[in-house]
Structure formats: C-alpha cells, structure tokens
Amino acid sequence: DTAGRMQNNEPLMRALAKLVNINTPDLVLFVGEALVGNDGVDQLQFFNQTLVDNTDPVRSVDGIVLTKYDTIDDKVGAAVSMVYKTG
C-alpha cells in the first residue's frame, strides 16, 4: 500500500529494515501490486538491498506476494523478473 508515498522512499525502507532487525521475524515478504509491472522489480531490489545493508545478521527478502495478479494482462513478466533478479 503506497498511501501516496513514493515507491522508493529511502527513510521508509530503512525504518522497515530496522523493524526486521529488531523483531527478527521468521519470514520477510515483499508485498507489491502486480499492476505496476517492471517498476515492481525496482521496488523489490531497493527493498532487498536496504534489508541487506541495514540488518545484522544480514537479512534479505524471503518471498514475494503479488496482489491484483488476476487483473493484469501483459505485465505477467514482472513476476518472473522479480524472481530472477533476487534469486
């Protein structure tokens, strides 16, 4: 949910990484809208890198959840790109 925020809001991403660092969750998921297409790949990479840079021990995204996947058409390739870019 962007709630009007920019997609790559660095202070917000660092705050999320801090939450992960403090709470040590078992699973870290990236949740994004399938409708954004390849912009979602950039969002995921930025979030993942922020986690890697700001957690000790180093954490990264464990999984991807895409919402509104049933309403997309030719943007399906973004899901494949997300998995490819993050391993």
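Mentor: A polar contact is a pair of N or O atoms within 3.5 Å. Please keep in mind throughout that this is a predicted model.

Trainee: Which side chains does a polar contact of 2.8 Å join?

Mentor: The side chains are those of Asp53 and Gln49. Asp53 belongs to helix H2.

Trainee: Is Asp53 buried or exposed?

Mentor: Exposed means over 50% relative accessible area. Asp53 has a relative accessibility of 54%, and therefore counts as exposed.

Trainee: How many residues along the chain set Asp53 and Arg14 apart, and what is the separation of their C-alpha atoms?

Mentor: Asp53 and Arg14 are 39 residues apart along the chain, and their C-alpha atoms are separated by 9.1 Å.

Trainee: I should now like to see the overall plan. How many helices and strands does the protein have?

Mentor: The protein has 3 helices and 2 strands. Read from the N terminus, the order of elements is α-β-α-β-α. The protein has 87 residues, of which 28% count as buried.

Trainee: How should one read the side chains along a strand?

Mentor: In a regular strand the side chains alternate between the two faces of the sheet. Strand S1, residues 29–33, shows such an alternation. Phe30 and Gly32 point to one face and are buried, whereas Leu29, Val31 and Glu33 point to the other face and are not buried.

Trainee: How many bridges join S1 to S2?

Mentor: S1 and S2 run parallel and are joined by 5 bridges. The chain passes from S1 through helix H2, residues 39–54, to S2, and this β-α-β crossover is right-handed.

Trainee: Which residue in S2 is the bridge partner of Leu29?

Mentor: The partner of Leu29 in S2 is Gly63.

Trainee: What may be said of Ile64?

Mentor: Ile64 is placed in strand S2. Partly exposed covers the range between under 20%, which is buried, and over 50%, which is exposed. Ile64 has a relative accessible area of 30%, so Ile64 is partly exposed. The C-alpha atoms of Ile64 and Gly32 are separated by 7.9 Å, although these residues are 32 residues apart along the chain.

Trainee: Which residues make the nonpolar surface patch?

Mentor: Leu27, Leu29, Val31 and Val65 make this patch, which covers about 330 Å². Val65 lies in strand S2, residues 63–67. With a relative accessible area of 34%, Val65 is partly exposed. Two other members of the patch, Leu29 and Val31, point to the face of S1 whose side chains are not buried.

Conventions: Residues numbered from 1 in each chain as written. Predicted model: local features only at pLDDT ≥ 70, side-chain atom pairs only at ≥ 80, totals over all residues. Heavy atoms only, no water. Patch = residues over 30% accessible without salt bridge, like charges linked within 9 Å, V, L, I, M, F, W, Y side chains within 5 Å. Areas by Shrake-Rupley, 256 points an atom, 1.4 Å probe, with all protein chains shown as cover. Salt bridge = Lys/Arg side-chain N within 4 Å of Asp/Glu carboxyl O. Helix = DSSP H or I, 4+ residues; strand = E, 2+ residues; numbered from the N terminus. Buried < 20%, exposed > 50% of the residue type's maximum accessible area, 1.4 Å probe, protein only. Pairing = 2+ DSSP bridges. Right-handed = clockwise from strand over helix to strand, strands pointing away. Polar contact = N/O pair within 3.5 Å; in protein donor to acceptor, adjacent residues only side chain to side chain.
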